[in-house]
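Q: Hey, can you walk me through this one? I'd like to start with the strands and then get to the ligand.

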Amino acid sequence: MKAWKRIGLMGGTFDPIHYGHLVAAEGARHSFALDKVIFVPAGRPPHKSARQITDPYHRFIMTELAVASNPYFETSTIEVERPGYSYTIDTVRQVRELYPHTEIYFITGADAVLEILSWKDVDELLEMCWFIAATRPGYPLGNLRSRLKGKIKESQMERIIPMEVPALAISSTDIRARVREGRPIKYLLPEPVEAYILNRGLYK
Ligand code: NAP
């Protein structure tokens, strides 16, 4: 097995995946010299009810379609196949076993990272990996740090790195609303993902 030095884990519900996610992952890969980025669609996010989100099967296929053209991107079924809630610590532990001497960078949205104190085994999690918190335009970068200040240790704060991603003006919530209302989603996400959504009648 090739000895990877740094891998990114792109965690999200991806309902659906869009160009904002892809730009964030590619930006992180470049900025942090990641050898590859593995997209990990959440199977059953702990903070959402099953009714709120699309079947993991569809979200995983859309993620596969979206990353196919980038040789540095892969997908993993690790969370989709694991029974029960998709806790990030369980994923990072599994990935750590597969890649023992590799730095792990967990990339996700800043809003999700703001809730990290409520995540399972957060102290161990922040020891095991770095967090890249992708922010949307207009989101003050200092905000993340100031909102976590005093709640987590300084050494843990250093593990969380904010990253501004202008393309995150695109959002999954907006895409779902557009489909529901019959407005266009073209150019917001890769064409094969758009075709999949329309052919399967998702988000109607
Ligand atoms: P969310 O609440 O749906 O998303 C929060 C915000 O972050 C949204 O604005 C979302 O935009 C954005 N976002 C989500 N993933 C992103 C990504 N990879 N890159 C850039 N922006 C992203 O959060 P979620 O997607 O369900 O959860 C995010 C990750 O945190 C998942 O991997 C989840 O498993 C993990 N998590 C773990 C725990 C735990 O272990 N206890 C608890 C909560 C979340 P879009 O809607 O446009 O994506």
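Q: Is strand S4 mostly buried or exposed?
A: Buried. Keep in mind that this is a predicted model. Strand S4 covers residues 103–109, and five of its seven residues are buried, so the rest of the structure largely encloses it.

Q: Ok, what does buried mean as a number here?
A: A residue is called buried when its relative accessible area is under 20%.

Q: Which strands does S4 pair with?
A: One partner is strand S1, residues 6–12, which pairs with S4 in the parallel sense over five bridges. Another is strand S5, residues 130–135, which also runs parallel to S4 and is joined to it by five bridges.

Q: Can you give me residues to click on? Which residue in S4 is the bridge partner of Gly8?
A: That's Tyr105. For the S5 side, look at Thr108, whose bridge partner in S5 is Ala133.

Q: While we're on S5, what about Ala134? Buried or exposed?
A: Ala134 is found in strand S5. Its relative accessible area is 7%, so Ala134 counts as buried.

Q: How far is Ala134 from Met163?
A: In sequence they're 29 residues apart, but in space it's 4.8 Å from C-alpha to C-alpha.

Q: New topic: the ligand. Where does it sit?
A: The ligand sits in the largest pocket.

Q: And which elements give two or more residues to the shell around it?
A: Those are S1, S4 and helix H5, which spans 110–114. S4 gives the largest share of that shell, with four residues.

Q: So S4 comes up again! How many residues surround the ligand altogether?
A: There are 28 residues around the ligand, and the closest are Thr13, His21, Lys48, Arg136 and Ser172.

Q: What's going on at Thr13?
A: A polar atom in the side chain of Thr13 is 2.6 Å from an oxygen atom of the ligand. You can find a similar kind of pair at His47, where a polar side-chain atom lies 3.1 Å from a ligand oxygen.

Q: And Ser172, side chain or backbone?
A: Backbone: a polar backbone atom of Ser172 is 2.9 Å from an oxygen atom of the ligand.

Q: How much of the ligand does the protein bury?
A: Taken alone, the ligand exposes 870 Å², and the protein buries 90% of that.

Conventions:
Residues numbered from 1 in each chain as written. Predicted model: local features only at pLDDT ≥ 70, side-chain atom pairs only at ≥ 80, totals over all residues. Heavy atoms only, no water. Buried < 20%, exposed > 50% of the residue type's maximum accessible area, 1.4 Å probe, protein only. Pairing = 2+ DSSP bridges. Near = heavy atom within 4 Å. Polar contact = N/O pair within 3.5 Å; in protein donor to acceptor, adjacent residues only side chain to side chain. Areas by Shrake-Rupley, 256 points an atom, 1.4 Å probe, with all protein chains shown as cover. 1 Å grid on protein atoms, 1.4 Å probe; cavity = no way out; pocket = protein on both sides within 12 Å on 5 of 7 lines; lining within 4 Å. Sits in = over half its atoms within 2 Å of the grid points.
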